[in-house]
Each structure stands twice: as C-alpha cells, then as structure tokens.
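This report describes selected features of one protein model. The sequence and the structure come first, and the description follows.

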Amino acid sequence: MVSISPVAHKLLSYVPFILVLIDLRYEGVHCGKSGDVESHLEMGKKLLAAGQLADALSHFHAAVDGDPKNYLAYYRRATVYLAMGKSKSALPDLSKVIELKPDFTAARLQRGNLLLKQGKLDEAEGDFKKVLKSSPGDKEEMEAKAQLTKSDEIQRLVAQAQKDFARQDYSSAAARLDTIIETCVWDAASRELRAECFIQMGEMGKAISDLKAASKLKNDNTRAFYKLSTIYYQLGDHEMALNEVRECLKLDPDHKQCFSHYKQVKKLNKQILSAEELIQQQRYADAVSKYESVMKTEPHVPHYTHQAKERICHSLSQNQQATEAIAMCSEVLKSDPENVNVLKDRAEALLQDEQYDEAIRDYEKAREHSENDRQIKEGLDRAQRLRKQSQKRDYYKILGVKRNAQKKEIIKAYRKLAQQWHPDNFQDPDEKKRAEKKFIDIAQAKEVLSDPEKRSKFDQGEDPLDPESQQGGGHHHFHGAWDTFQGFNPFGSGPFNFKFNFN
C-alpha cells in the first residue's frame, strides 16, 4: 500500500471545497448571463413600444447572442424586423422560434402569413393546419381558418391564370393575377407572369413596374434584369437598357443572354451619345454620318430609326442643306405628323429654300402643339418678315445666289453683274437709265450681303438699307439726288468714270 505524506493528505482535504467554489462561480456566470438577456429583452420591449426600432433591434441582437436558445429573443427580434418591413429577415427568426417551441402558435401563425404573402402556398397551408390542430385560442383559430380559405382560393386562381396564359388569354390571366398579388404581395413568380401578360398586351410601363419589383423580391434574379433591359431597349431608352443589363452581369458575369445583349446596347449607346456630342459641337455633317451608323447597328427597332432620321433632319437643317433637310424631315413627319421639333427644323429648311408660305404653315402647326415655345414664335415672326421682304427687294435674287452662299460666291456674282450692267455699256438713254437702276441694286446687294452685320439683319427679315424697315433709321449712302461713281472698276483693270441721276 502506498503511503501519503501529511502535506499531500492536507491538500486533498481541500478538494471538495475547491469544487464547490468552482461550481458556485459558474452558476454565478450563468445567472449573470441570464440576467443580461432578460435586461436586453425588457429594454428592447420598451424601445419597440416607443417606436425606436433600430435601438430595440440592437438589444434583441444582444439577447439572441446571449442566449441562442431563448425563443422569446428570436420572436421579439422577428417582431422588430416586421415593423421595419424586413420580412426576409423575420422569417428565419420565426422558424427558429417554432424549432425551439413547436407549440408557439402565434409564431407559427405569423410565419404562415409571411409565407402566404411570398406565394409559398403549400408551406403556408401547412402552418395554418398545424395551428388549428394545436387547440388555439378563438382569435387564432378564426385567423388560421380565414387564411387557409384564402390560400385555397389563391391556389385555384393560380391554376386558372396559368391556363389562361397557356391559351394566350393574357387579359384574363392578368386579371386573375391582380387578385393573387393583392394577397401574395411578395410573390416574385406571380409578378413575373403578370409582366409577361403586360408585354403581350403592349402595356410596357406596367410590365416594367412588375419586373422591377420581382428583381428585388427574388435574390439573383438575372431573368428579371434581362427582361427589363430588353423592354427599355425596345422602347428606345438605351441608357436604362444599359443600366439594367449591367445589373444582370453583376449577378452573373457569364450570363450568355445578358452579355450578348450588353454588347449590342453598349455599341448603340456609344454611337448615339457620340452623335449628340457632334451636334453640340456643330459638326453636323459628322453627326449625320454617325446617325446613319445608328440605323445600321439597329435596323429592327423602329424607335432608333425614327430617332436617327429626326436628328439627321435637324443636322441637315442646321448645316444649311435645305433640299436634303426638307426631304428627311418630310419623311419623319409622314409617321409622326405632330412632331414639333421636326416641324421647326423643316420650317427652317423651307426658309433657306425661300418657301416662305410653307415655312409659315409648319410654324403655325408646331404652335398648335406647343403654344409657349419661344423658338416657334421667333421663327414664325421671321418667316412672315422674310415673306414680306421677298415681295419687295431680295438681295440674294438680285445677285442670283443662294441664301447660304459664301462671301467669295457673293463677290464673284457681284463682279460679273457689275460688268454686265455698268451704265457705260449702254448708249440708248432708256437702256442706260434701266442699267443705272440695275447697277445700283447690284451694288446695294453686294453692300448688304458682304457685310456680316447687315446680312444678318436681312436674313432676319429686316432690310438694313430701307429707312422704313429700319423704323425711321438713317439713310443709306445710295440715297440722294446725284451720286458720282468715279474710278470704279469691279475687276481692278482700269477706272470707269461716269455720272448719272439716281432719282
């Protein structure tokens, strides 16, 4: 037998006391934790009642962390999540409550209601049936029966809606889905099916609304984002189409449909933005070329063809290509006769082509659809002045040049006519007198059209050499009794000296 030293024997005698102390210590820790959990639950409850949801949630988080098996902590936290509209977060907590306490009918009923809103009808019915089997109170029994009846009715409506959709009765299917979604507000599948109905019915705005909701209700819903992008693309909103297809690729970079669509949308978007930038820079010929590329990139969506032609019409008009602008604008107006911008652009081109009556008609029609448009008012006033002016003296016609003629063309025409109609070329008194008048007209036309300021006034319908047009302004230098042209030679080869009466 092994003998124990007196010191060892004394130490062993203390072991029972040490064990008791350890036990008491752990019991104290447990009681301390339990007390903290209760404190968090009580404080969270008070904050919830006061409407301070975020603070209440923090306390219930702490309670769950302190005691992961406390069903009441999960239930309280689920209550806060529901108050904050976070049903997705509430559902796992309610499931945990039921796992910890299967006979907690309030939690089961609450979970059944959430599942019903999500369109998970079989799971919801399972919860309602279990509530009815658990000897619930009168209020819970009544609610469970009502929700079970509602779920059965929705099951029937879902089956009918799917049949309607299969036989292409989209209106009836959409009507049934309306009723379903009133109850199953968080059901992504029902919203996606109703969106398909709306697409077939041509109600794209409603389809977009449903698909946006579905993209948020269902995690990683690449299908909804792809659909949204294609709808926006067909509607001509290339920027929104690009945004939505990018969301699809964020969720799945290898998504074949989204990637293929993304390349097309990105190319078209880049071309349109580039064309608009060229217009801002007044590089109209380049803008026309770029919009022609847009029509080649997407020939199958009418909106982009229409938009491209509308902007080509504008660019041609701004670039003083009157004939081409009138033709393109007229083509657009065949399918869109009330397009105010195109009417304004065609009116401007018609003015350049000296078709004043037609320009006035376009401005008046544009005014019918946009009464307060200052540009239309100014354009109409100018068109009326130019028509009035054309009935008097037209310096462009006198020189035989177009309204968009360059200065060198004007000088060239002037020199040719000045040589032709110089009074020294005529001997007959009547012919000389007629030549004198013609020569003055030619000189005045050159004076106005070679001076940028005077030409601008004339282009606005005001004759800078007409005292009446100038509203009583000063006389121009051709006005008088006798003027003498001395040393004048439009070609610089020698002087012409002559005197004639201007009156």
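## Salt bridges

Arg 167 is exposed, with a relative accessible area of 55%. Here exposed stands for over 50% relative accessible area, buried for under 20% and partly exposed for what lies in between, using a 1.4 Å probe and protein chains only. The model is a predicted one, in which local features need pLDDT of at least 70 and side-chain atom pairs count only at pLDDT 80 or more, while totals for chains, interfaces and linings use all residues. Residues are numbered from 1 along each chain as its sequence is written, and side-chain values use heavy atoms, with hydrogens and water left out.

The side chain of Arg 167 meets that of Asp 164 in a salt bridge, at 2.6 Å from N to O. A salt bridge is a side-chain nitrogen of Lys or Arg within 4 Å of a carboxyl oxygen of Asp or Glu. Asp 164 has a relative accessibility of 2% and counts as buried. In general, side chains of opposite charge can pair when their charged atoms come close.

The structure holds 30 salt bridges. Three of them are listed here.

| Salt bridge | N to O distance | Citation |
|---|---|---|
| Arg 167 and Asp 164 | 2.6 Å | |
| Glu 196 and Arg 223 | 3.5 Å | |
| Asp 357 and Arg 387 | 2.8 Å | |

Glu 196 forms a salt bridge with Arg 223. Glu 196 belongs to helix α10 (residues 188–201) and Arg 223 to helix α12, so this pair ties together parts that are 27 residues apart in sequence. Helices are DSSP runs (H or I, at least four residues), numbered from the N terminus. Glu 196 is buried at 12% relative accessibility, and Arg 223 is partly exposed at 41%.

Asp 357 and Arg 387 also meet in a salt bridge. This pair links distant parts of the chain, with Asp 357 in helix α19 and Arg 387 in helix α20, 30 residues apart. Asp 357 is partly exposed at 39% relative accessibility, and Arg 387 is partly exposed with a relative accessible area of 33%. Elsewhere, a network of salt bridges links Asp 178, Arg 191, Arg 194 and Asp 210.

## Disulfides

A disulfide is a covalent bond between the sulfur atoms of two cysteines. Here the rule is a pair of cysteine sulfur atoms within 2.5 Å, and by this rule the count comes to two. Counting bonded cysteines along the chain, the pattern is 1-2, 3-4.

In one disulfide, the sulfur atoms of Cys 248 and Cys 258 are 2.0 Å apart. The torsion about their S-S bond is about 90°, so the disulfide is right-handed. Cys 248 lies in helix α13 (residues 238–251) and Cys 258 in helix α14 (residues 256–280), so the bond ties together parts that are 10 residues apart in sequence. Cys 248 is buried at 0% relative accessible area, and Cys 258 is buried at 0%.

Another disulfide joins Cys 313 to Cys 329, with 1.9 Å from S to S. Its torsion is about 85°, so this disulfide is right-handed. Cys 313 sits in helix α16 (residues 302–318) and Cys 329 in helix α17 (residues 322–335), so parts 16 residues apart in sequence are tied together. Both cysteines, Cys 313 and Cys 329, are buried.

## Helix α18 and Asp 394

Helix α18 (residues 340–352) has 13 residues and reaches 19 Å from its first C-alpha to its last, close to the 18 Å expected. The expected span is 1.5 Å times one less than the number of residues. Because 12 of its 13 residues are buried, α18 is largely enclosed by the rest of the structure. The cover over these buried residues includes α16, α17, α19 (356–369) and α20 (374–390); contact means heavy atoms within 4.5 Å.

Glu 354, which follows α18, has a positive phi near 60°. Glu 354 is among the residues that Asp 394 touches, along with Tyr 356, Arg 403 and Phe 458, not counting residues up to four places away in sequence. Asp 394 is found in the loop between α20 and α21 (395–399). Asp 394 is buried yet has no salt bridge, and Arg 403, the nearest side chain of opposite charge, is 4.1 Å away. For charge, Lys and Arg count as positive and Asp and Glu as negative, while His and the chain ends are not counted.

How values were computed. Helix = DSSP H or I, 4+ residues; strand = E, 2+ residues; numbered from the N terminus.
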